[in-house]
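Work through these exercises with the model open beside you. Try each task before you read its solution.

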Amino acid sequence: MILDYIIPPAVAAVFFAAVHAPRALRRAKSGEKTRIRVYDAVTGVLLFAYTAAMLMLLLTPLRSGPFPAAQLRPVPFSTLLPMIKDCISNGLFDKAALEAWTGAPQELFGAVLSHSARNLGANLLLFMPGGALLVLHARNIGKAKLAAVSLCAPLFVELWQFFFTAGRTCDIDDVLLNFIGIFAGGMAVRAILRAAGKRRAAVG
């Protein structure tokens, strides 16, 4: 479906515009001229590309014609706790799959890690670059705004999946894991930038 390729970049563009709207309004009121620096352009392109790629993965396929009923899991920790317990009791690695691994590189991730470990890792690690790139691009973003974006983005994705995609599951635990991933990535870069700023100030 053609909309599968149009909607994710369009949503990414809306998100990108929302990030820039407050700064643009402040500059318009003050009469300040807008100058695009190389750093802002590069981090902006990376943020947009990452967001569009993730939304292409998460917001599709769209429903068309007869579609399976969406699954809703609104109870917190109903999915998360069993996965954590499975990782603790059975370990992070799938020994049976590892023994059956044919040596193909594309099968390595699935062969090494168990289903629970893959699910937890993907929901955390795939979203950390989003928070990191957001802070790199909007360096003055505070903790509260970062937390708000970290919560609203995965909540939007899960609701979209519930209402508009085929064969997806709307899980509150995914929102929690994605929130942690985005917020952790942003806070890590925020701490690095602050430490680098203090170091430059001490040297200068």
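Five exercises with worked solutions follow.

This is a predicted model, in which local features need pLDDT of at least 70, side-chain atom pairs count only at pLDDT 80 or more, and totals for chains, interfaces and linings use all residues. Residues are numbered from 1 along each chain as its sequence is written, and side-chain values use heavy atoms, with hydrogens and water left out.

**Exercise 1. Describe the overall fold.**

Step 1. Count the elements. The protein has nine helices and two strands. Both are DSSP runs, numbered from the N terminus: helices are H or I with at least four residues, strands are E with at least two.

Step 2. Read them in order. The pattern along the sequence is α-α-β-α-α-α-α-α-α-β-α.

Step 3. Check burial. Of the 204 residues, 31% count as buried. Buried means under 20% relative accessible area, exposed means over 50%, and partly exposed lies in between (1.4 Å probe, protein chains only).

Step 4. Check the contacts, meaning heavy atoms within 4.5 Å. Among contacts with a separation of 6 or more, 80% join residues 24 or more positions apart.

**Exercise 2. Find the largest nonpolar core and its suppliers.**

Step 1. Apply the rule: a nonpolar core is a set of buried Ala, Val, Leu, Ile, Met, Phe, Trp, Tyr and Cys residues joined through side-chain atoms within 4.5 Å.

Step 2. Locate the centre of the network. The largest core has 23 residues, and Leu 55, Leu 59, Phe 127 and Ile 141 have the most contacts inside it.

Step 3. Assign helices. H1 (3–30), H2 (38–58), H7 (128–137), H8 (143–164) and H9 (172–203) each supply at least two residues of this core. H2 gives the most, with six residues.

Step 4. Look for another core. A second, separate one has seven residues, including Leu 80, Met 83, Leu 120 and Leu 177.

**Exercise 3. Is H7 enclosed or open, and what follows it?**

Step 1. Count buried residues. Seven of the ten residues of H7 are buried, so this helix is largely enclosed by the rest of the structure. Among them are Gly 130, Gly 131, Leu 134 and His 137.

Step 2. Move to the loop between H7 and H8, where Asn 140 is found. Asn 140 is exposed, at 80% relative accessibility.

Step 3. Look across the chain. The C-alpha atoms of Asn 140 and Arg 190 are 9.2 Å apart, though 50 residues separate them along the chain. Ile 141 also touches Arg 190, leaving aside residues up to four places away in sequence.

**Exercise 4. Classify the aromatic pairs in H8.**

Step 1. Apply the rule. Rings of Phe, Tyr and Trp (its six-membered ring) pair if their centres lie within 6.5 Å; planes under 30 degrees apart are stacked, over 60 edge-to-face, and the rest tilted. The count comes to six aromatic pairs.

Step 2. Take Phe 156 and Trp 160. Their centres are 5.9 Å apart and their planes at 45 degrees, so the pair is tilted. The two residues are four apart in H8, about one helical turn.

Step 3. Compare exposure. Phe 156 is partly exposed at 34%, whereas Trp 160 is buried at 15%.

Step 4. Take Phe 163 and Phe 164. With centres 6.4 Å apart and planes at 55 degrees, this pair is tilted.

Step 5. Join them up. Phe 156, Trp 160, Phe 162, Phe 163 and Phe 164 form one aromatic cluster.

**Exercise 5. Sort the core of H2 by contribution.**

Step 1. Return to the largest core. H2 contributes six residues to it, the most of any element.
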